[in-house]
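Grab a pencil and try each exercise yourself before you read its solution. Keep the sequence and the 3D view open while you work.

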Amino acid sequence: MSKRYLSTFVSLLVVLGLQMAYSTLSAQFLSREQLVRHERQILEPSTTQATGPRVSHEAALKHLPDAPWAVGSRVKIHSDGLHIFFNERAQESSNTEIRVSPVAMVWGGRLDEQKPGEEPKEPVVILAESAIFQFDQPVELSEIRTHLIRQIVLSGQVMIRGENDLRIVGRNFTFARASQHLFSEHPLQFRMQEHRGFARNIQLNLDMLDGGAHADNPRVQGIREVVIRDHLELHLQPENQPPALITCEDRFQYRLEEQQAMLMGDVFLHRTDEEGLVDELSCDLLTLQFAEELKEGALATADKTASQPANGVTESDSANDQPSMAGFDLKSNTLSLVSLRAEGERVDIRSEKSDLRALGQQIDYNLQQRVLKVRHKKAVQVRYQGADLITPSLEVRLDEQDQPIFARCAGPGQLRYLDKEAPQDAGNQALLAEAQWRDALVMEPDPSAGPEHQRVTLSGLARLSSPRHKAGLIAQTLQIWVDQSAAAKDKPSTLGGTASIPAGVRVKKAKAEGEVAVASPQLEGVYESLTLHFERDSTGLIKAAEAGQPQAGAPAEEPSGIQLASAEADTAKPRMEIDARDLTLRVVHDEEFKKLHLAHVESEGELKATGHLPDEQDAIVVCGRGAEIFNDGQDQQRFRLLGTQDRFAWVQNGQVRIDGIDLFVDRTANHARVHGGGMLQFPVDTNFEGLPLGESKLMQVSWREQMKFNGKQAHFLGRVRAKIGDSVIQCEELIVTLDQTISLQKPDKSVHPKLAQIECRDRVRLEMNHYEESKLIGVRYVDVASFVINQASGDMRAQGPGKMEFWQRRTGDSKLGLPEATMSQGPDSKGKPKSEKPPEGWDYTQLTFAGEMVGNIHKRLATLKDRVNILHGPVDHPLVSFERDDRPPNSVRIYCEQLELLVKNAAKSTGEDKQPWAFEVQAQNNAEIEGDQFFARADLVTYDHESKLVVMRALENRHATLWYYETPHSPRSRYDVKMARLSPNGNILELDRTRGASASQ
């Protein structure tokens, strides 16, 4: 957004360059061309006969073509480089004055001393109606010497020509040898080429050799300086440019040797083009620097001049040849303006055509280097087409087509882009964009692209902001790449529908570095480096987003994608907050750069992006050390995130969160995958056993190798750990299937998925903790080779070898073990009253099997096969275990080939369900049960948890055997029966069909 405003600054520099180029052309008022012949001859020729010194005759032919009478003048005097021509004379004041008329003088120019190959120097040529020569002493006509001339008073109409084709026409000039100048206090006109001027007075300071070795033969080398005091008007006619007027009120000074002109005091330049639009420049001091250059076609003339004899006259320059303005054709070099400087407390440039105004205190323009510099001790102010630039110093370098190729604003500055059509009292509403910097703004050609590609750099706490749109950017350094290659082809575009920007100027790239912060209704973030690439929308991405339609024929949906809306978008629309270290964005824009769409995000460092969806308080959050985000509009986003082993990348959509080292999420396909370690969390309403949780809890799964998730099924590999509440599953491979699909596009809070199936493979371990009122009452561990549970059908299967361990706080009603009375049959317990206080400690149960376990969680039935062992007994603390050979007192062991476990609802004795469930255990095939005081072997052993009753049975013609003993070393009583029942207090309640006994009880 802010890039289109900076492109306008490039246009400002272009126009400023054109303005100064215009000043360059208009200032060339001292270039050489033929002078218009004086409309009136000073005096008609009185004779055409050649008399006097030959050198004077040749000087008249060469330098007085507009006074042909001088060739045949009655008097020709040549003295010390001064040629004097006149017809009438009168000596006055005792011969200290001589009055002559008409008079012509050719003074200086080295006419008689020019060396071969030396460039001739133009003499001073003076024509007047009459003149008074004043001498220091009485002289005769033949004794006139220049060192005797004290003053020359020229009266009437006077014309003066000098070096560089200067022609001055005025009245009453005076030459004073003491001051070495020629001056007039009367109004005058002057011309150079097509340029002309008017002044109220003039002073020509002469370049004279006087004093010392030249005391007796002073010579005028030429005009050293032209000075005009008071009002001056210059009418300029630059080549291929409209005419211009320059005025100054105090002083005009032109130094011919330095080729420098200075205009002082209320200097004003005015020009009106063919369309009637006005350009103006005003300052206190204007300095113009010139240099000679050779015109095309002048080389032959210069060669011809070099071949002349020492006196500077060619063979064709004879008395019979016509002058034909030869004095103006001899020297074809022209003065060209090479630099200018405008100074003052207020240097003001205005251009109606360019809609430009610039204010400064010093403007320098070097035409050869094509460099423009504007300075102000406080701030240069430039306004161009609604853009305001404020900077202490501005430097611009132009190409041959007057296009800016380099610009520099040194020091703190500000660029403001205004809405030209907004009311003047609109305040901040008229401010479209603003740029500020502390150190410099530099525009230069992009070295990696063509000359039409520019790079603009703002350094030192650079700021871009748009108060109207509540958007801003801050960085230590900001660079913008601009392409102007289409400027001649494209139609003018508009910004915000009001203020125009230069046609064909396209912002291609922008890069911000150092403490970068972006804030807007569409994008927010903090970065160390931010790079933006801008592309035109060639696929209709923005139009599809506005219409609420995804691309590629996808079904229509409500607008919900993460995207940058137009600058005028409602703040309720989606936005993205991105915090990153190094961030690269690809922004797609419409033809007029009014609407933007964030199409791609890439980061090589830390990144955190938050996308807000319509009507949703939850946000999509993306975080990683390296990231790629592809945004195709609507819900069509793809995320590629990179993390490390110590710090995963992650993406969160509502309560669904995925972490990983290499994470990819395709919201369109509702697919996610992770290479390497990671973590996944999503809400579920049931636990691992399929039992309702009362309220949704997060299921968290971590792994080490890989994960795939399609919204309904997740597949995990490598040291997988799944957790719901206080229950944990660990395995090498886990497949979790949900009964409903979780959307990665737009979370639906009405969807409450339940676990449909869990499949665990390789080194499976289940850990479950049970709490009552935040107090731990039970712990269960299950270790198997594989485990599958279908919560929908209830079927479950576990492959052994397996081991299950249970710890339960002792309350007197053992939920997982055999009745405590069965394990306490010693004499110490007989006859003692039963304690009302429930026993303290924990009961430990260990169950191992070598085959498989199958069952159904809905029927609460499980069957364990192949070498099933059960150990049960008291322990002091949870997670304390024991083995068969190290059983504690009051413990029991059960062994069988097959064990069936049936969980059933317990009877309620009171209104409070103190025992929510009970179970029945049935051991089959070589079943054994062993306690502290008994050992039994039977085909079938059952235990009813609710009634605390143990039943042993023999099948077919076999019998069950029971050994009973008071102490481990006392004699044992043996019973061989078909069936035996043991009471909760350990007494034998019933022996059925006893076949034998070794003792009696």
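**Exercise 1: a hairpin**

Which residue in strand 46 does Tyr 771 stand opposite? Then place that pair in the hairpin.

*Solution.* Before you start, note that this is a predicted model.

Step 1. Look across from Tyr 771 and you land on Leu 776 of strand 46.

Step 2. Now zoom out to the two strands. Strand 45 pairs with strand 46 (residues 775-790) in the antiparallel sense, with 14 bridges between them.

Step 3. Check the turn. Two residues sit between the strands of this hairpin, and Glu 773 takes a positive phi near 50°.

Step 4. Strand 45 has another neighbour too. Strand 44 (residues 727-738) runs antiparallel to strand 45 (residues 755-772), and ten bridges join them. As one example, Leu 734 has Cys 760 in strand 45 as its bridge partner.

**Exercise 2: looking for disulfides**

How many disulfides does the count come to? Use Cys 248 to work through one case.

*Solution.*

Step 1. Recall what you're after: a disulfide is a covalent bond between the sulfur atoms of two cysteines.

Step 2. Set the cut-off, which is sulfur atoms within 2.5 Å.

Step 3. Find the closest cysteine sulfur to that of Cys 248. It belongs to Cys 283 and is 9.6 Å away, so it's too far for a bond.

Step 4. Give the total: the count comes to zero disulfides.

Step 5. Add the surroundings. Cys 248 is buried, at 0% relative accessibility, and Cys 623 is also buried, at 11%.

**Exercise 3: the neighbourhood of Gln 203**

Is Gln 203 buried or exposed? List what its side chain meets as well.

*Solution.*

Step 1. Find Gln 203 in strand 10 (residues 202-211).

Step 2. Read its relative accessible area, which is 13%. Buried means under 20%, so Gln 203 counts as buried.

Step 3. Look for polar contacts made by the side chain. One goes to the side chain of Asn 205, at 2.6 Å. Another joins Gln 203 to the side chain of Arg 229, at 3.1 Å.

Step 4. Leave out residues up to four places away in sequence and see what Gln 203 touches. Among the contacts are His 181, Leu 182 and Phe 183, along with Glu 225 and Arg 229.

**Exercise 4: salt bridges**

How many salt bridges does the count come to? Pick out a few and say how accessible the partners are.

*Solution.*

Step 1. Start from the idea that side chains of opposite charge can pair when their charged atoms come close. Here the count comes to 39 salt bridges.

Step 2. Take Arg 383 and Asp 388, whose closest N and O atoms are 2.6 Å apart. Arg 383 is partly exposed, at 42%, whereas Asp 388 is buried, at 13%.

Step 3. Try Arg 761 and Glu 759, which meet at 2.5 Å, N to O. Arg 761 is partly exposed, with a relative accessible area of 30%, while Glu 759 is buried, at 18%.

Step 4. Go back to the hairpin from Exercise 1. Asp 783 forms a salt bridge with Arg 765, with the closest N and O atoms 2.7 Å apart. This pair links distant parts of the chain, since Asp 783 is in strand 46 and Arg 765 in strand 45, 18 residues apart. Asp 783 is partly exposed, at 23%, and Arg 765 is partly exposed, at 22%.

Step 5. Finish with a network: salt bridges that share partners join Arg 887, Arg 893, Glu 928, Glu 930 and Arg 937.

**Exercise 5: aromatic pairs**

How many aromatic pairs does the structure hold? Describe two of them.

*Solution.*

Step 1. The total is seven aromatic pairs.

Step 2. Take Trp 107 and Phe 175, with ring centres 5.0 Å apart and 65° between the planes. Planes over 60 degrees apart count as edge-to-face, and that is what this pair is.

Step 3. Place the two rings. Trp 107 lies in strand 3 and Phe 175 in strand 6, so the pair ties together parts 68 residues apart in sequence. Trp 107 is buried, at 5%, and so is Phe 175, at 4%.

Step 4. Now do Phe 935 and Trp 963. Their centres are 5.4 Å apart and their planes are at 40°, so the pair is tilted. Phe 935 is in strand 54 and Trp 963 in strand 56, so parts 28 residues apart in sequence are tied together.

Step 5. Look for a cluster: ring pairs link Tyr 781, Trp 807, Tyr 844 and Phe 882.

Conventions: Residues are numbered from 1 along each chain as its sequence is written. This is a predicted model: local features need pLDDT of at least 70, side-chain atom pairs count only at pLDDT 80 or more; totals for chains, interfaces and linings use all residues. Side-chain values use heavy atoms; hydrogens and water are left out. Two strands pair if DSSP finds at least two bridges between them. Helices (H or I, at least four residues) and strands (E, at least two) are DSSP runs, numbered from the N terminus. Buried means under 20% relative accessible area, exposed over 50%, partly exposed in between (1.4 Å probe, protein chains only). A polar contact is a pair of N or O atoms within 3.5 Å; within protein, one must be able to donate a hydrogen and the other to accept it, and residues adjacent in sequence count only if both atoms are side-chain atoms. Contact means heavy atoms within 4.5 Å. A salt bridge is a side-chain nitrogen of Lys or Arg within 4 Å of a carboxyl oxygen of Asp or Glu. Rings of Phe, Tyr and Trp (its six-membered ring) pair if their centres lie within 6.5 Å; planes under 30 degrees apart count as stacked, over 60 as edge-to-face and the rest as tilted.
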